[in-house]
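Reader: Hi! I am in my first year and still learning to look at models like this one. Could you take me through one part of it up close?

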Amino acid sequence: MICVPMLTGVLKLNPKQAHATAIFFILPLSVASGIFYASAKLFPVCGWWVVLGVTLGGAVGAGLLARISEGATKWVFTVIMALSGFYLLLF
């Protein structure tokens with residue numbers, strides 16, 4: 001949740017570069033974590049649905065990132081972060 005704001009604030013990347021960089025680092029770490037949990041039999045069956053959703057969501061998000069403007073990228077990220085924050089506060 002802080003990766004993109006830090007990349008835009010500290011490293012002065014534009015929002016599209018920051019999102020692409022975050023995806024570049026998060027994807028291999030997520031895959032490695034999934035392999036570790038699956039090999040230790042700590043991965044529930046429902047976890048595979050999460051893997052599918054995250055993979056498809058990441059692919060769709062990366063495709064949209066190439067097509068939408070920088071302003072729209074900031075707006076979408078802000079809305080998603082606000083909704084996530086409200087969800088965490090309420091549940």
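Author: Gladly! Let us start on the surface, where Trp75, Val76, Val79, Ile80, Leu83, Phe86, Tyr87, Leu88, Leu89, Leu90 and Phe91 make up a nonpolar patch with about 1300 Å² of accessible area together. Such a patch joins nonpolar side chains (Val, Leu, Ile, Met, Phe, Trp, Tyr) within 5 Å, taken from residues with over 30% relative accessible area and no salt bridge, that is, no Lys or Arg side-chain nitrogen within 4 Å of a carboxyl oxygen of Asp or Glu. Areas come from the Shrake-Rupley method with a 1.4 Å probe, and only the protein chains shown count as cover for residues.

A word on the source: this is a predicted model, where local features need pLDDT of at least 70 and side-chain atom pairs count only at pLDDT 80 or more, while totals for chains, interfaces and linings use all residues. Residues are numbered from 1 along each chain as its sequence is written, and side-chain values use heavy atoms, leaving out hydrogens and water.

Trp75 belongs to helix H4 (a DSSP run of H or I, at least four residues, numbered from the N terminus). Trp75 is exposed because its relative accessibility is 58%, and exposed means over 50%, buried under 20%.

Helix H4 (residues 70-90) also holds Thr73, which is buried because its relative accessible area is 4%. Beyond neighbours within four places in sequence, Thr73 has contacts (heavy atoms within 4.5 Å) with Pro15, Lys16, His19, Leu65 and Ile68.

Pro15 sits in helix H2 (residues 15-39) and is buried too, because its relative accessibility is 7%. With the same kind of neighbours set aside, Pro15 touches Thr8, Glu70, Thr73 and Lys74.

Definitions and conventions:
Helices (H or I, at least four residues) and strands (E, at least two) are DSSP runs, numbered from the N terminus. Buried means under 20% relative accessible area, exposed over 50%, partly exposed in between (1.4 Å probe, protein chains only). Patches are made of residues with over 30% relative accessible area and no salt bridge: like charges are joined within 9 Å, nonpolar side chains (Val, Leu, Ile, Met, Phe, Trp, Tyr) within 5 Å.
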